[in-house]
Each structure stands twice: as C-alpha cells, then as structure tokens.
Amino acid sequence: MTRSSFTSRWSYYVTGTALAILFLSPLLWSGWASLRTGTGFGLENYDRLFTSDNGIRVHHIVNSITVSALTVAGTLLVATLGGYAFGRFRFPGRDLLFLLTLAILMVPYATILIALYVLLGWIGLQDSLIGLSLVLIMFQLPFSIFMMRNSFEAVPRELEESAQVDGCNSVSTLIRIMLPAVKPGLITVGLFAFLTSWSEFFAPLILLNSTDRFTTTLAVVNMRTASHGSIDYAALEAGVVFMAVPCLLLFAFMQRSYVRGFTSGALKG
C-alpha cells in the first residue's frame with residue numbers, strides 16, 4: 001500500500017467516524033437522558049410518558065400509523081404511475097411538465113399550509129387524518145416522482161420490448177416487468193415517505209384540531225405545553241426515543257435497497 005492510498009484511506013475513516021459521531025450523538029444523548037432518573041437509570045420516564053394525563057395514548061400511535069400508511073400507499077401509487085409515464089413514454093410537453101413538478105420543491109410547504117387548510121375545509125376533509133395524508137402525499141410527490149422516473153429510465157428498453165412482443169400492454173408491462181426491476185426505488189420512496197410522515201410535526205399542528213386525532217408527535221409536544229410551566233424533559237426525551245425506534249428499525253432492515261435506490265435515482269437523469 002502506497003503512502004498516498006494509506007493517507008486517503010485514513011482520511012476516509014476519520015471523516016466517516018466524525019460524521020457518525022455528529023449525527024448519532026443527539027440520538028445517543030436522548031437515549032441516555034430518557035433512561036436517567038433521580039436515583040440512577042431505569043424506565044420510569046417511559047412509564048410517565050404513557051401513563052401521564054397528557055402522555056401518549058394508543059389512539060395517538062394508531063393515528064400516526066394510519067397517516068404513515070396512507071401517505072406511503074398514496075405516494076407509491078402516484079409516484080409509480082407518474083415516474084413510469086415520465087420515464088418510458090414520449091408525449092408533448094413531457095419535459096416542461098416534469099420541470100414544473102420539480103419546481104414545487106422550490107416552494108416552502110409551510111407557506112401554503114393555511115391555503116391547504118381552507119381547501120380541505122371546502123372538500124370536507126378538514127381536521128381529518130385523510131386530509132392530512134393527502135397534504136403529506138402532495139409534499140412527497142416531486143421528489144418521489146423524480147426518483148421513480150430515474151429508476152424507470154435505468155431499466156433496459158429490451159425488457160419492455162420483450163414484454164410487448166409477448167403480448168403485454170402498458171399496464172401488464174408495468175406490473176409484471178417494470179415494478180420488480182425498480183424495487184430498490186420503490187423501497188427508497190416508501191421509506192422516505194414513512195420517515196417524513198411519521199415524524200412530521202408542522203402539518204399536523206396546523207391541520208388537526210381535535211386531540212383525539214393527534215399524531216404521536218403532537219401528543220409529545222402537548223405533554224410539554226400542558227404541564228403548566230413544569231416541563232418533564234426526561235419524559236420528553238423518552239418520547240423522542242420512542243418516535244425514533246421505528247425509523248431506526250426500518251432503516252436497518254432496508255438500508256441496502258434504500259441506498260441502491262437513492263444512488264441510482266441521484267446519479268441517473
């Protein structure tokens with residue numbers, strides 16, 4: 001091993017370690033703080049998180065799961081169809097329409113939440129989990145369509161042509177040939193949609209009014225604001241860890257497909 005390659009490898013490990021410490025330290029600190037009690041370490045903070053009058057209840061968790069499931073399903077459906085159309089078909093105005101879709105990324109979503117709140121009231125979905133899910137799906141679509149378009153474009157044309165020779169139409173080709181080929185992209189889009197919807201705070205804060213429809217993130221914040229000035233930071237840290245665990249587990253199981261799909265989507269286009 002030459003000196004330059006050794007230096008390059010050493011720099012790689014140092015940089016990777018520094019970044020890992022930088023990103024993991026807040027989560028590790030939260031885990032340590034959530035277990036710390038007045039007499040040592042234990043699960044008392046988690047007990048208060050779930051038994052306090054303003055703590056997390058089962059319906060909060062169900063609400064979060066419902067919103068995340070609807071967001072992931074809707075995002076995958078629309079992004080798959082949109083990405084397939086942009087990636088495999090030629091039609092007038094395709095590139096302009098795709099650029100307009102990407103241009104939505106330039107709009108801060110917080111600036112249109114009030115307008116969306118009014119719009120949901122017009123269609124009868126104000127203060128509902130379905131309305132919140134539709135808003136989160138809309139926020140996810142520009143990036144998700146971009147990812148799926150690049151994933152579909154990376155599939156060789158020969159596979160599609162072979163399916164058409166065998167008598168498959170566009171829908172059959174999509175279901176039988178294309179979807180298995182873009183599985184990493186689907187996992188990437190689905191996982192990204194789940195991570196965003198599960199931890200989203202600002203949109204539920206604006207769009208949900210009834211406490212029985214609160215998601216877990218709102219329940220944790222409500223526990224802080226309803227304590228009459230006395231903040232139980234240890235229980236709040238327990239809530240942070242509780243919210244982070246599903247995301248960590250999903251990423252641990254799907255990290256290979258996530259990285260493959262994200263890399264192909266980022267480099268292709």
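**Briefing: confidence, fold, pockets and selected residues**

Over residues 265–269 pLDDT stays under 50, and for this stretch the model has eight contacts beyond four places in sequence. Where pLDDT is low, predicted coordinates should not be read in detail. The structure is a predicted model, with a mean pLDDT of 84 for the chain. The chain holds twelve helices and zero strands, and two of its pockets are described below together with three buried residues, Thr101, Thr188 and Gly185.

**Confidence**

- A pLDDT of 70 or more is reached by 90% of the residues of the chain.
- Helix α3 (residues 58–88) has the highest confidence in the chain, at 94.
- The lowest confidence belongs to α12, with a mean of 75; α12 spans 233–267.
- α12 also provides the largest share of the lining of the largest pocket, a point to hold beside its mean pLDDT of 75.

**Overall architecture**

- Read from the N terminus, the order of elements is α-α-α-α-α-α-α-α-α-α-α-α, with zero strands in the chain.
- The chain has 269 residues, and 38% of them are buried.
- Among contacts in the chain with a separation of 6 or more, 78% are between residues 24 or more positions apart.

**Largest pocket**

- The largest pocket contains about 480 Å³ of space.
- Its lining consists of 18 residues, and those nearest the centre of the pocket are Leu27, Val240, Met243, Ala244 and Cys247.
- At least two lining residues come from each of α1 (3–35), α9 (183–199), α11 (216–225) and α12 (233–267).
- α12 supplies eight residues, the largest share of this lining.
- The lining of the largest pocket comprises 14 nonpolar, three polar and one charged residues.

**Second largest pocket**

- About 270 Å³ of space is found in the second largest pocket.
- The second largest pocket has 15 lining residues; Val107, Tyr109, Met138, Phe139 and Gln140 lie nearest its centre.
- Both α6 (129–153) and α9 contribute at least two residues to this lining, and α6 gives the most, with six residues.
- By class, twelve nonpolar, two polar and one charged residues line the second largest pocket.
- Helix α9 thus appears in both descriptions, supplying at least two lining residues to the largest pocket and at least two to the second largest pocket.

**Buried residues in helix α9**

- Thr188 is part of helix α9, and it counts as buried because its relative accessibility is 0%, which is under 20%.
- A polar atom of the Thr188 side chain is 2.8 Å from the backbone oxygen of Pro184.
- Gly185 also belongs to helix α9; its relative accessibility of 3% is under the 20% cut-off, so Gly185 counts as buried.
- Gly185 and Thr80 are 105 residues apart along the chain, and their C-alpha atoms are separated by 9.5 Å.

**A buried residue in helix α4**

- Thr101 is located in helix α4 (residues 94–103).
- With 13% relative accessibility, Thr101 falls under 20% and therefore counts as buried.
- Leaving aside residues up to four places away in sequence, Thr101 touches Phe86, Pro142 and Ile145.
- Of these partners, Phe86 falls within the residue range of helix α3 (residues 58–88), while Pro142 and Ile145 fall within that of α6 (129–153).

Technical notes. Residues are numbered from 1 along each chain as its sequence is written. This is a predicted model: local features need pLDDT of at least 70, side-chain atom pairs count only at pLDDT 80 or more; totals for chains, interfaces and linings use all residues. Side-chain values use heavy atoms; hydrogens and water are left out. On a 1 Å grid over the protein atoms alone, a cavity is a set of points where a 1.4 Å probe fits but cannot get out, and a pocket is an open set with protein on both sides within 12 Å along at least five of seven lines; lining residues have an atom within 4 Å of a point. Grid points are joined across faces, edges and corners, and a volume is the space filled by probe spheres set on the points. Helices (H or I, at least four residues) and strands (E, at least two) are DSSP runs, numbered from the N terminus. Ala, Val, Leu, Ile, Met, Phe, Trp, Tyr, Cys and Pro count as nonpolar, Asp, Glu, Lys and Arg as charged, and the others, Gly among them, as polar. Buried means under 20% relative accessible area, exposed over 50%, partly exposed in between (1.4 Å probe, protein chains only). A polar contact is a pair of N or O atoms within 3.5 Å; within protein, one must be able to donate a hydrogen and the other to accept it, and residues adjacent in sequence count only if both atoms are side-chain atoms. pLDDT is the predictor's confidence in each residue, from 0 to 100. Contact means heavy atoms within 4.5 Å.
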